[in-house]
Amino acid sequence: MSYSIIIHGGAGSSLREFITDEKDLKQIEKLYFDALKQIINFGKRLLQNNIPAIDVVERCCIKLENNELFNAGIGATRNKENKIFHDAIIVNGKTRDWGAISNCNIHKNPVKLAKHIMNKKNGLISGNENIKKYCDSYKITTVNSRYFNSKFRNKLDKLNNDLGTVGVVVRDKLGNICCATSTGGLTNKIPGRIGDTPMCGISSIASNQICGISVSGQGEEIIKNNVASKIFYQMKYTDKTLSECIDDTLENMPSNTCGIIGIDRSGDIYFNKNTKRMYIASADSKNNTNISLY
């Protein structure tokens, strides 16, 4: 059977708006392009080797979290108190199970912890104190928050208020659709703020019978517009395609607030945005591979 994968590295303003030196711009654009290419090829190899969608989603999201270019994991942006906190979610379209964390900075890979929580059917766990208790109860290794200090991210934050998130949607050869979304949140956010990312049905949704979705952008607007569920239930109850539902949803949102990736039950890939930039890479079993920054 066929397989499909799409990843995103966040939606937001164009690099061209805040990097004026053409040489510097080309260098950073190449870093993003090469990272997306490496991760999409990694995911494609996993799918070719029959790795289940839920594991491909997790492992590709971990690659994104481990790259300082992206606002997740070690590349997470800082809040008003100059501290880093993560939100993450993973959804299994075969079982409709999901797991999520929010306001956490003690686990190296938020999506991995979210997957553990999903497998234990514990939903969303918020805050370091509660997450530390959870990790201790399952002997899960935690890290000091200093692990997430990134000079590269600090440099980017001084140039640009990033709306970035990372996300992955996968359909494997068995037709299983899974998705994950992970973020450091809005730059300079107020302490305790929770955006759309850890909310199942808002940032992320998946079902083998319908589609898988991951959303990036301004969390307050994404929550207000119930983005992932709006796309999902339009597809479920109408004859609209994935592309039509994503486009319709974006048309009803304020500009510069949202980017969306998705895969439908047939394995068709689609993405769109109303921001100036969204880092995207996709691949499928028909040897179609696409990478774009804008």
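Contact here means heavy atoms within 4.5 Å. With that in hand, let's walk through this predicted model, starting with its sheet.

Eight strands, written as 8 in the count, make an open sheet with mixed pairing, in the order 4-3-2-6-5-1-11-12. At the edges sit strand 4 (123-126) and strand 12 (289-292), each of which pairs on one side only. On average, neighbouring strands in this sheet are turned by 5 degrees against each other, direction ignored. Looking at one pairing, strand 1 (residues 4-12) and strand 5 (residues 166-171) run antiparallel and are joined by 5 bridges. One detail to find on screen: I6 has V169 in strand 5 as its bridge partner.

Two helices lie across strands of the sheet, as follows.

| Helix | Lies across | Angle |
|---|---|---|
| Helix 1 (residues 22-48) | strand 1, strand 5, strand 11 (277-284), strand 12 | about 30 degrees to strand 11 |
| Helix 3 (residues 110-119) | strand 2 (86-92), strand 3 (98-104), strand 4, strand 6 (177-183) | about 45 degrees to strand 2 |

Now for the nonpolar side chains. The largest nonpolar core has 41 residues, and I5, I7, Y32, F70 and V168 touch the most other members. Contributors of at least two residues each include strand 1, helix 2 (53-65), helix 3 and strand 11. Helix 1 gives the largest share, 10 residues. In soluble globular proteins, nonpolar side chains tend to be buried together.

Take I7 as an example: leaving out residues up to four places away in sequence, its contacts include L36, I39 and I40, along with V168 and Y279. A separate core of 19 residues lies apart from the largest one, with I213, C245, I246 and M253 among its members.

Technical notes
Residues numbered from 1 in each chain as written. Predicted model: local features only at pLDDT ≥ 70, side-chain atom pairs only at ≥ 80, totals over all residues. Heavy atoms only, no water. Pairing = 2+ DSSP bridges. Helix = DSSP H or I, 4+ residues; strand = E, 2+ residues; numbered from the N terminus. Axes fitted to C-alpha atoms, helices over the stretch in contact; angles between N-to-C directions. Core = buried A, V, L, I, M, F, W, Y, C linked by side-chain atoms within 4.5 Å. Buried < 20%, exposed > 50% of the residue type's maximum accessible area, 1.4 Å probe, protein only.
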